[in-house]
Amino acid sequence: MEAELPVEPQSLKKLSFKSLKRALDLFSPLHGHFPPPDPESKKIRMSHKLNTEYGGVKDTATSNAKAAAQSKAQQASASSNALALPGPESSMDPQKGVLNKDIVVGPTIQSSGSTDNGFPGKSTAVIPARGSSERNFSTSAIMERVPSKWPRPVWHAPWKNYRVISGHLGWVRSVAVDPSNSWFCTGSADRTIKIWDLASGRLKLTLTGHIEQIRGLAASPKHTYMFSAGDDKQVKCWDLEQNKVIRSYHGHLSGVYCLAVHPTIDILLTGGRDSVCRVWDIRSKMQIHALSGHDNTVCSVFTRPTDPQVITGSHDTTIKFWDLRYGKTMATLTHHKKSVRAMALHPKEDCFASASAENIKKFSLPRGEFMHNMLSQQKTIINAMAVNEEGVLATGGDNGSMWFWDWRSGHNFQQDQTIVQPGSLDSEAGIYAMTYDVTGSRLITCEADKTIKMWKEDETATPETHPVHFKPPKDMRRF
């Protein structure tokens, strides 16, 4: 009995070539040859292009010239075995129906044989003569790739922590900057509001009045008023000339989690655990609207002067746009899969970002079209985010991660980790609130280790010392 011949091990490459050859045997009439162009569809395509570009001008006088050019093209394509494509619209001459002679025509791929896998081998680039009526490309030119259109990120200097302020006796839950950019205030779980000097970081004033932790703060741009809201269901208006409460707004059935002041009208918006965003008249203390429609806690809200004037994010994973005149929902965005705990409106552009545990997404205004996801995932609960005019988006997570993003491209250019103050647990590294000052050059974060940290750009950094490592996304997620 004869000895069996040893079986040659099949590599993955060889197997894939075999499979490819089998597919070519089934579907391709000629190995290494592209299918011949269809003259009828070519004629329709060219006439449509001419009509659209030149305002529907009839080119009956040039039909003979075009027919001659097409027959010439078919002969050229038969000899070159390459897929013929029309040139760009800007290079078409309406008088002659062919490409302009002063435009360099791209190379064609000329096959000098085919390998055993069915693809052309030893291909050489040939530049056809000027005045050729066809522009030939390989098939890679047909596919329109999204990453080629993805905007490259602008270089931003990395941010560094330059000041740590301690003074609160509990978690620091909220922050607001004065419109004059001279001071900022923080609210804490120790039930106090502290006002700090922005330049030096010194304590100026401590306000007491709440009986639970303070989750929302806002400074009015038109009055000497500051507004605060907390877990004690209370919303208070402080007069900073007298340093005392002058109004309280009663109506919430549970803790109040977020607060915003309208930029042009004297109204105040608060959202809370009772799933309602309430609209208050600042002067009369009356509730104008109760914007109800969310199924869970309203934990983020911001306002803008034009429609939609109120945008809320909730633990029910949705974002709602509200019509302030009628107190009704204009639109509901259901793109997120987890609670929307933070949102940030861009100070210049008509768009905003929203953050949840699974992703950070950008939406356009006023209609709320989804733009794109940020290109990385922070993989933590994001409690706070802020963006400045330079397009630096900062996000803070429950695990103390501070990530900085380029707004336009969604590229994450810096990942930082806050350091807890001595005596605190590592689990107390969470960031609960953040905001930029009016200039956008300083960032203030409020943290679970009872400190307030201030950040600024590193002046010594250059594009050479901190280059941008950017990889365009391979696929764009459309949801």
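How far is the sulfur of Cys277 from the closest cysteine sulfur, and in which residue does that sulfur lie? The legends below describe close-up views of a predicted model, and the first of them takes up this question.

**View A. Cys258 and Cys277, two buried cysteines without a bond.** The sulfur of Cys277 has its closest cysteine sulfur in Cys258, at 6.6 Å, and this is too far for a bond, because a disulfide requires sulfur atoms within 2.5 Å. Cys258 is buried, with a relative accessible area of 6%, and Cys277 is buried as well, at 1%. A search of the whole structure finds zero disulfides.

**View B. The largest nonpolar core, with Leu393 among its residues.** This core has 14 residues, and those with the most contacts inside it are Ala355, Ile360, Met385, Leu393, Trp405 and Trp407. Two or more residues each come from the strands β22 (342–345), β23 (351–355), β26 (382–387) and β28 (401–406). Leaving aside residues up to four places away in sequence, Leu393 touches several others, including Ala344, Ala353, Met374, Val387 and Trp403.

**View C. A second, separate core.** This core is made up of 13 residues, among them Ala218, Tyr225, Ala229 and Tyr249.

**View D. An aromatic cluster.** Trp159, Phe404, Phe413, Tyr436 and Trp455 together form one aromatic cluster, while a search of the whole structure finds twelve aromatic pairs.

**View E. Charged side chains over aromatic rings.** Arg215 lies over the face of Tyr257, at 3.9 Å from the ring centre, and the charged end of Lys456 sits over the ring of Tyr162, 4.9 Å from its centre.

Note on methods. Residues are numbered from 1 along each chain as its sequence is written. This is a predicted model: local features need pLDDT of at least 70, side-chain atom pairs count only at pLDDT 80 or more; totals for chains, interfaces and linings use all residues. Side-chain values use heavy atoms; hydrogens and water are left out. A nonpolar core is a set of buried Ala, Val, Leu, Ile, Met, Phe, Trp, Tyr and Cys residues joined through side-chain atoms within 4.5 Å. Buried means under 20% relative accessible area, exposed over 50%, partly exposed in between (1.4 Å probe, protein chains only). Helices (H or I, at least four residues) and strands (E, at least two) are DSSP runs, numbered from the N terminus. Contact means heavy atoms within 4.5 Å. Rings of Phe, Tyr and Trp (its six-membered ring) pair if their centres lie within 6.5 Å; planes under 30 degrees apart count as stacked, over 60 as edge-to-face and the rest as tilted. A charge sits over a ring if NZ of Lys or CZ of Arg is within 6 Å of the ring centre and within 35 degrees of the ring normal.
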